[in-house]
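User: Please examine the structure shown below. I should like to go through its features in a series of questions and answers.

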Amino acid sequence: MMLTSALLGMALADPILIPLKKTPMTRGIGNLHSKYRADVPTNELTNYFDAQYFGPLTIGTPPQNFTVIFDTGSSNLWVPSSKCDPHIGTGFACLNHNKYNSDDSSTWTEDGTKFEIQYGTGSMVGFQSIDDVDIAPGSGGLVAKQATFAEAVEEPGVTFLAARFDGIMGLAYPSISVNGATPIYNQLMEDGQVNGVFAFYIHRDSSKPGQSDIGGEIAWGGVNPERFEGTYPESFTWHDVSRQAYWQVNMGTVTVNGDGFVSDQPLVECQGGCQGIVDSGTSLITGPTEITDQINKAIGAIEFIAGEWLVVCRNKPRMPTIDIYIDDVRYRMTPDDYVLTIEDQGQTQCISAFMGLDIPPPAGPLWILGDAFMGMKYTVFDFDTNRVGFAPLKGEQ
C-alpha cells in the first residue's frame with residue numbers, strides 16, 4: 001500500500017531515539033548542542049518495503065500495545081476500537097489490528113465526541129477518548145498524561161485492511177487537529193518533557209537482501225549525530241515553514257534533466273513557485289496530476305492502476321535526474337531515489353515515486369514530499385523556530 005496521510009517546552013538532556021527495523025515481505029533549543037550518550041534507549045519500528053514506516057506506542061494502564069505511522073501530515077492520534085464491529089459498514093478493516101479497550105484501562109476517561117477524518121480512500125469514523133499515551137515504550141518512556149485520541153469504529157476499507165500498522169499519530173501543527181484536540185507531541189512539549197525538535201532518518205531500499213536491519217529512526221527532542229554528516233545545526237539547510245498547518249515550505253521548480261534519455265531539453269514545471277509539505281505519512285511524492293503525468297512520461301514510466309506508474313527496471317541506469325527546489329536550494333534525485341524497487345517471490349517490480357494527487361483550494365494545490373524524498377536526507381522538524389532542516393546522511397548504516 002502506497003500510503004498517503006490525511007489531509008515552549010524544556011529541552012531534553014538527550015533525545016530519545018526510535019530506530020526503525022526492516023521486515024521482509026512474507027521551545028528553547030540550547031540543550032541540542034550538548035553531547036549525546038552512546039547508550040540512548042531505543043525502541044524498534046518497522047520499514048515495510050519502503051512504503052510503510054511505523055512503530056510502537058502504548059495507551060492506557062496497564063499499557064495496550066499499538067503500531068502507528070508517525071505522520072507529519074496530520075495532527076491526531078487514532079487507533080482501532082474494541083467497539084469496532086466488522087459486520088457494520090467498513091468496520092471489517094479492524095479485523096487484523098490491535099484494538100483499544102477502555103474497559104481494560106484504569107486511567108481511561110470518557111469523552112465521546114464524534115471523530116471523523118477524511119482520507120483519499122474514505123473516512124475514518126469514531127469517537128474521542130482520554131488516556132495516558134506513551135510514544136517511546138521501552139525507551140525510557142515519553143508519556144502524555146490524559147491525552148485525547150480517537151477510537152476508530154470504521155476505517156476506509158481495503159486500504160487499512162491491508163495495512164501492517166494499527167493507527168496513525170499526527171505530528172503536524174495543532175491548527176489542523178480535528179476537534180481542536182491537542183496533538184500528542186505538543187502536549188509533551190507543554191508538559192516540559194521535550195523541546196520542539198524531532199528528527200527522522202528514513203532508510204530506503206528495503207528490498208535488498210543482506211542490508212542492515214535498521215530501517216530508520218526517530219529522535220524525540222533532538223537529533224542523532226551518528227546519522228548525518230557535520231554538526232547540528234550548522235550543517236543543516238533550513239527552510240521556514242510558510243504556513244503553520246502542515247510542515248509546508250516554498251517550492252521552486254521541479255526539473256527533469258533529460259540527459260539524452262527522453263529529450264536533450266529539460267522539462268521544467270511549477271514555474272513561478274508553489275507549495276510543498278514534508279510528510280512522513282506519505283510513501284511517494286505527489287503533485288498536481290497534470291504535472292506528475294508529464295514527469296512520468298519524461299522518465300519513460302508506464303501508466304498502471306490507481307494512479308501508479310511503472311518503470312522498466314533495466315532502464316534505471318539511463319534514466320534522468322530530477323531536481324526539486326525548495327526556496328532556492330536544489331535537491332537532486334537520482335533514479336535510485338525516485339524509483340521504488342520491490343522484490344517478492346522472485347519477481348521484481350519498479351514503481352515511480354511520482355504520483356498525481358489534486359488537493360483543492362484553500363489547502364491546495366500542494367506537492368507532498370513523502371518518504372521517497374525524506375529518505376535522501378536526515379530531516380529535522382522544529383516547532384521552536386518553525387522550520388524544517390535537511391542534512392546529508394552518513395554512509396550506509
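**Surroundings of N76**

Analyst: N76 is buried, at a relative accessible area of 6%; buried means under 20% relative accessible area, exposed over 50%, and partly exposed in between (1.4 Å probe, protein chains only). This is a predicted model, in which local features need pLDDT of at least 70 and side-chain atom pairs count only at pLDDT 80 or more, while totals for chains, interfaces and linings use all residues. Residues are numbered from 1 along each chain as its sequence is written, and side-chain values use heavy atoms, with hydrogens and water left out.

User: Which backbone nitrogen lies 2.8 Å from a polar atom of the side chain of N76?

Analyst: N76 is placed in the loop between β4 (64-71) and β5 (77-80); helices (H or I, at least four residues) and strands (E, at least two) are DSSP runs, numbered from the N terminus. Leaving aside neighbours within four places in sequence, N76 is in contact (heavy atoms within 4.5 Å) with residues including F115, I168, M169 and S177. The backbone nitrogen that lies 2.8 Å from a polar atom of the N76 side chain is that of V178.

User: Which residue in β9 is the bridge partner of L77?

Analyst: Two strands pair if DSSP finds at least two bridges between them. Strand β4 runs parallel to β9, with four bridges, and there V68 has G167 as its bridge partner. Strand β5 is joined to β9 by two bridges and runs antiparallel to it. In β9, the bridge partner of L77 is M169.

User: Which residues of strand β9 point the other way from G167 and M169?

Analyst: In a regular strand the side chains alternate between the two faces of the sheet. In strand β9 (residues 167-170), all of these residues are buried, and G167 and M169 point one way. Those that point the other way are I168 and G170.

**Nonpolar cores**

User: Which strand gives the most residues to the largest nonpolar core?

Analyst: A nonpolar core is a set of buried Ala, Val, Leu, Ile, Met, Phe, Trp, Tyr and Cys residues joined through side-chain atoms within 4.5 Å. The largest has 69 residues, and those with the most contacts inside it are L77, M169, Y185, W220, W367 and F373. With five residues (within 247-257), the strand that gives the most to this core is β14.

User: How many residues are in the other core, which lies apart from it?

Analyst: This other core includes V223, F228, W238 and V380 among its members. The number of its residues is 12.

**The disulfide**

User: How many residues apart in sequence are the parts that the pair C313 and C350 ties together?

Analyst: A search of the whole structure finds one disulfide (a pair of cysteine sulfur atoms within 2.5 Å). It joins C313 to C350, with an S to S distance of 2.1 Å. C313 lies in the loop between β19 and β20 (321-326), whereas C350 lies in strand β23 (residues 347-352), so the pair ties together parts whose separation in sequence is 37 residues.

User: Is C350 buried or exposed?

Analyst: Its partner C313 counts as partly exposed, at 27% relative accessibility. At a relative accessible area of 2%, C350 is buried.

**The four-stranded sheet**

User: Which strands stand at the edges of the open sheet?

Analyst: The open sheet has four strands in the order β18-β19-β23-β22, with antiparallel pairing. The edge strands have a single partner strand each, so one side of each is left without a neighbour in the sheet; these are β18 (302-303) and β22 (339-344).

User: Which residue in β19 stands opposite I302?

Analyst: Strand β18 is joined to β19 (residues 309-311) by two bridges, and the two run antiparallel. Opposite I302 in β19 stands L310.

**Backbone features**

User: What is phi of A306?

Analyst: A306 is found in the loop between β18 and β19. A306 is exposed, with a relative accessible area of 66%. Its phi is positive, in a residue other than glycine, with a value near 55°.

User: What is omega of the cis peptide bond that joins T61 and P62?

Analyst: P62 is found in the loop between β3 (52-59) and β4. The peptide bond that joins T61 and P62 is cis, and omega is about -5°.

Methods
Polar contact = N/O pair within 3.5 Å; in protein donor to acceptor, adjacent residues only side chain to side chain.
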